[in-house]
Amino acid sequence: MENEGAKRGWKISHENLIAFANLVHDYNPLHRFSGYAKSRDFRDTPVLGVALEAVVAQSATCLIQNPDNKPEVYSFKFRNPLFPDEPIYLEANTTHNNSCFVLARRISNNEILLETTISLGNSRTEITAEQ
């Protein structure tokens, strides 16, 4: 990777999680009710993957060096869940082909939550999750 990027901290509050879920019409109780999430072996309500993607994509878009080109290829790979009010940081690097590689990491233990590659050209989105 070239052009080591800066780290930027983020938190998504439970209130923002619910507001975002309402915006995208996601009424899954897993993302709304702590008791339900805990009954499904989560320690709290996990943040919607699409909310984390939005934070990462917006941040990475700012790093792509040619402002006349819009990013068209997003590749997301989910590694671990994020929970409300849990501080994360984004570690971004640009590459020689005007792409951006971003890791979303948990501040408490540096664990990778999401790997993202954003580049120019082909309009497709790939999303995968670790099992």
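In the predicted model, Arg105 is part of strand β4, which spans residues 100-106. The relative accessibility of Arg105 is 13%, and this residue therefore counts as buried, the cut-off being under 20%. The side chain of Arg105 makes a polar contact of 3.4 Å with the side chain of Glu91. Glu91 is also among the residues that Arg105 touches when those up to four places away in sequence are left aside. The others in this set are Pro87, Ile88 and Tyr89, together with Asn110, Glu111, Ile112 and Leu113.

The protein as a whole contains three helices and six strands. Read from the N terminus, these elements follow the order β-α-α-α-β-β-β-β-β. Of contacts between residues at least 6 apart in sequence, 65% join residues at least 24 apart. The protein has 131 residues, of which 39% count as buried. The exposed area is about 7600 Å², with 50% of it supplied by carbon and sulfur atoms.

In soluble globular proteins, nonpolar side chains tend to be buried together. The largest nonpolar core in this model comprises 23 residues. Leu52, Val56, Leu82, Ala104 and Leu114 have the most contacts inside this core. Two or more residues each come from helices α1 (14-23) and α3 (49-61) and from strands β2 (71-78), β3 (88-94), β4 and β5 (112-120). Helix α3 gives the most, with five residues. For Val56, the contacts beyond four places in sequence are with Leu90, Val102, Ala104, Leu114 and Thr116. Two of these partners, Ala104 and Leu114, are themselves listed with Val56 among the core residues with the most contacts.

Confidence varies along the chain. The mean pLDDT of the protein is 78, and 69% of its residues reach 70 or more. Helix α2 (residues 34-39) has the highest confidence, at a mean of 96, whereas strand β6 (residues 124-129) has the lowest, at 46. At the start of the chain, residues 1-6 have pLDDT below 50. This stretch nevertheless has 18 contacts in the model beyond near neighbours in sequence. A further stretch, residues 122-128, stays under 50 in pLDDT. For residues 122-128 the model has 17 contacts beyond four places in sequence.

How values were computed
Residues numbered from 1 in each chain as written. Predicted model: local features only at pLDDT ≥ 70, side-chain atom pairs only at ≥ 80, totals over all residues. Heavy atoms only, no water. Helix = DSSP H or I, 4+ residues; strand = E, 2+ residues; numbered from the N terminus. Buried < 20%, exposed > 50% of the residue type's maximum accessible area, 1.4 Å probe, protein only. Polar contact = N/O pair within 3.5 Å; in protein donor to acceptor, adjacent residues only side chain to side chain. Contact = heavy atoms within 4.5 Å. Areas by Shrake-Rupley, 256 points an atom, 1.4 Å probe, with all protein chains shown as cover. Core = buried A, V, L, I, M, F, W, Y, C linked by side-chain atoms within 4.5 Å. pLDDT = per-residue confidence, 0-100.
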